[in-house]
Amino acid sequence: MVDIRVHYMRMKEALRVAETALTVQEVPVGCILVYKNTIIARSFNQTNLSLNGTKHAEFEAYDQVRALYPDTYRDIFRDTVLYVTVEPCIMCASLLRQLEIKLVVFGCPNERFGGNGSIFTVNKDTSHFERPYKVIPGVLSREAVTLLRKFYLLENSKSPTSKDKKHRRLELNEFPPIDYSRYLERDEFQRAFGEEFGFVFDSNLFLEFDENGSIVNESKNKRIKT
Ligand SMILES: [Zn+2]
């Protein structure tokens with residue numbers, strides 16, 4: 001099992017990549033690919049810059065790996081972990097499945113186009129020939145959502161017809177809960193985050209991290225006792 005603090009640090013890096021996208025008026029979805037503890041690709045969504053709706057962060061990362069390892073990229077992907085700030089869409093999930101990626105760790109669910117449990121489960125449908133892949137959801141989910149909100153706020157402020165002040169404020173208190181059971185089983189969640197955090201899964205809570213990436217959620221029972 002990879003230490004959750006490692007997942008945390010890598011998701012931080014994916015978030016930094018996503019922040020770069022904001023500076024060029026691009027939808028801030030960022031990802032990195034990690035092969036044997038080395039980052040082999042960093043990319044963000046480029047659909048606006050390229051005017052090409054298929055240029056999602058995952059496809060950009062795929063192109064980078066193909067360029068780096070033209071002969072062996074398929075073998076590389078089978079042992080690679082994707083860290084992406086937003087759940088891969090149905091199109092990207094299909095690519096990742098075909099590549100038989102080892103694991104996908106994502107931040108927030110993609111409620112409109114998610115292909116890893118939110119809308120479809122491309123990652124583990126039995127109708128596919130390729131090996132299914134597992135996902136770990138909810139790592140720095142609120143940070144991922146906040147970046148998206150910042151982007152839409154900026155876009156909205158550019159619109160001359162936008163007079164709705166409510167939509168001009170960055171909402172930092174309200175976030176939709178995560179129904180973890182859509183993405184993985186309870187025991188898988190506990191294997192990923194620790195036996196003691198089953199209550200986070202049961203109550204659809206957000207994972208709370210300290211600055212070192214350790215999970216600091218406390219169950220209500222524990223809080224009452226202390
Ligand atoms: Zn996609």
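Colleague: What follows α1, and what is the sign of its phi?

Modeller: Helix α1 is followed by Gln25, whose phi is positive, near 55°. Gln25 lies in the loop between α1 (4-23) and β1 (30-35); helices (H or I, at least four residues) and strands (E, at least two) are DSSP runs, numbered from the N terminus. This is a predicted model, in which local features need pLDDT of at least 70 and side-chain atom pairs count only at pLDDT 80 or more, whereas totals for chains, interfaces and linings use all residues. Residues are numbered from 1 along each chain as its sequence is written.

Colleague: What makes the phi of Gln25 worth noting?

Modeller: Gln25 has a positive phi of about 55° although it is not a glycine. Most residues other than glycine have a negative phi. Lys36, in the loop between β1 and β2 (38-44), is likewise not a glycine and has a positive phi of about 45°.

Colleague: Why is Gln25 called buried, partly exposed or exposed, and which of these words applies to Lys36?

Modeller: The class rests on the number of other C-beta atoms, placed from the backbone, within 10 Å of the residue's own: 20 or more is buried, 12 or fewer is exposed, and in between is partly exposed. Gln25 has 13 such neighbours and therefore counts as partly exposed. Lys36 has 9, so Lys36 is exposed.

Colleague: How do you know whether Val34 is buried or exposed, and which residues does Val34 contact?

Modeller: Val34, in strand β1, has 23 C-beta neighbours inside 10 Å and therefore counts as buried. Leaving aside neighbours within four places in sequence, Val34 is in contact with Arg10, Ile39, Thr80, Val81 and Tyr83; contact requires C-beta atoms, placed from the backbone, within 7 Å. Val34 and Phe77 are 43 residues apart in sequence, and their C-alpha atoms are 9.3 Å apart in space.

Colleague: Which residues of α1 are buried, and what do they pack against?

Modeller: The buried residues of α1 are His7, Tyr8, Arg10, Met11, Ala14, Leu15, Val17, Ala18 and Ala21. They pack against β1, β2, β3 (80-86), β4 (103-108), β5 (134-136) and α6.

Colleague: Why does the span of α1 agree or disagree with expectation?

Modeller: The expected span of a helix is 1.5 Å times one less than its number of residues. For the 20 residues of α1 this gives 28 Å, and the end C-alpha atoms are 29 Å apart, which agrees.

Colleague: Why are α1 and α6 called parallel or antiparallel?

Modeller: Axes are lines fitted to C-alpha atoms, for helices over the stretch in contact, with angles from 0 to 180 degrees between N-to-C directions. Under 35 degrees is roughly parallel, over 145 roughly antiparallel, 65 to 115 roughly perpendicular, and the rest oblique. Helix α1 and helix α6 (residues 141-158) pack at about 0°, with axes 10 Å apart, and are therefore roughly parallel. The contact is made by Leu15, Ala18, Glu19 and Leu22 of α1 and Glu143, Ala144, Leu147, Lys150 and Phe151 of α6. By class it has 6 nonpolar, no polar and 3 charged residues; Ala, Val, Leu, Ile, Met, Phe, Trp, Tyr, Cys and Pro count as nonpolar, Asp, Glu, Lys and Arg as charged, and the others, Gly among them, as polar.

Colleague: What makes α3 and α5 parallel or antiparallel?

Modeller: The axes of α3 (residues 57-68) and α5 (residues 90-98) come within 9 Å and cross at roughly 30°, so α3 and α5 are roughly parallel. Glu58, Phe59 and Tyr62 of α3 meet Cys92, Leu95 and Leu96 of α5.

Notes
Two residues are in contact if their C-beta atoms, placed from the backbone, lie within 7 Å.
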